[in-house]
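Here is my note on the model you passed along, set out as numbered points. Please read it with the structure open beside you.

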Amino acid sequence: LGWVWTRSPDEPRPNAESFEAAVLSDVRIGFERTVEQDIGFGIRQQTDIACKALSPAVNDPYTAVQALDHLSVVYCDLAVRPLGTKVLTDPVSKGRVVLPGGTFHDYVRFISAAFGRYGSSDVIVMLALLRLFQNCVEVLPASSDRLAVLDQAAATALADAERSIPRPTDLERIRAGVMSLRSTINSRSERKPTSAS
């Protein structure tokens, strides 16, 4: 679960038992991960439901669209949260504990890869994925660095669709959706000049 080290190599080795007691009192260990403790687990569950629904044996794209609509709520929440590695500091602001965590880019890349692999040939699934990205754009503040992540995801979705969708009219719907999304991203990415007072 973690590593403990001294401030310098000359100090004696830390007593593992005291740190073990602290970890055991603050870390819950159970049968499996929980969605309350690990958002990635909930995302993976919804994505697995969608991908299984898209398998040739099931062929249920509507379930995949519903899963994406549920994931859209989660991703909009993630879009505005601080994510990534956290460093906990001591009273004099020296870093003491490092908690690795996924970035917004990690979460977007995961969902893009999964639906690019299993849903890219279905127009309604790809439109639902673009809708998820669009919803995230809407909640982000203008000029957010995360807009670039969503712009790249839109470009990737288009490339996946162009590789997989044979019907030109369906592909045109995807292109139009991506063009609209990227246009919104570009307009929100432009920094407005501040007036001097």
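1. I begin with Ser143, which is found in the loop between α5 and α6; please keep in mind throughout that this is a predicted model. Ser143 has a positive phi of about 70°, although this residue is not a glycine. Is Ser143 buried or exposed? Its relative accessibility is 19%, and because buried means under 20% relative accessible area, Ser143 counts as buried.

2. A positive phi in a residue other than glycine is also seen at Asn59, where the angle is near 50°. Asn59 lies in the loop between α2 and α3 (61-79). Here the relative accessibility is 58%, so Asn59 counts as exposed.

3. The helix that follows this loop, α3, has 19 residues, which at 1.5 Å a residue should span 27 Å, and the 26 Å between its end C-alpha atoms agrees with that expectation. The buried residues of α3 include Pro61, Ala64, Val65 and Leu68, with Leu71, Tyr75, Cys76 and Leu78 also among them. As for what they meet, the buried residues of α3 pack against α2, α4 (104-118), α5 and α6.

4. Helix α7 (residues 168-189) has 22 residues and reaches 31 Å from its first C-alpha to its last, close to the 32 Å expected at 1.5 Å a residue. Its buried residues are Asp170, Leu171, Ile174, Val178, Leu181 and Ile185. Why can these be said to line one face of the helix? Seen down the axis of α7, the buried residues fall within an arc of 95°, and therefore they line one face. The general background is that an α-helix has 3.6 residues a turn, so residues three or four places apart point the same way.

5. The two sides of α7 deserve to be read together. The buried residues of α7 pack against α5 (123-139) and α6 (146-164), whereas the face turned away from that buried side carries the exposed residues Pro168, Thr169 and Met179.

6. Lastly, I would draw your attention to the surface, where Val23, Leu24, Val27 and Ile29 form a nonpolar patch with about 350 Å² of accessible area together. Where in the chain is the place of Ile29? Ile29 sits in the loop between α1 (16-26) and α2 (39-53), and at 64% relative accessibility this isoleucine counts as exposed, because the term exposed is used for residues over 50% relative accessible area.

Conventions:
Residues are numbered from 1 along each chain as its sequence is written. This is a predicted model: local features need pLDDT of at least 70, side-chain atom pairs count only at pLDDT 80 or more; totals for chains, interfaces and linings use all residues. Side-chain values use heavy atoms; hydrogens and water are left out. Patches are made of residues with over 30% relative accessible area and no salt bridge: like charges are joined within 9 Å, nonpolar side chains (Val, Leu, Ile, Met, Phe, Trp, Tyr) within 5 Å. Accessible areas come from the Shrake-Rupley method with a 1.4 Å probe; for residues, only the protein chains shown count as cover. A salt bridge is a side-chain nitrogen of Lys or Arg within 4 Å of a carboxyl oxygen of Asp or Glu. Helices (H or I, at least four residues) and strands (E, at least two) are DSSP runs, numbered from the N terminus. Buried means under 20% relative accessible area, exposed over 50%, partly exposed in between (1.4 Å probe, protein chains only). The expected span of a helix is 1.5 Å times one less than its number of residues. The arc is that of the directions from the helix axis to the C-beta atoms. Contact means heavy atoms within 4.5 Å.
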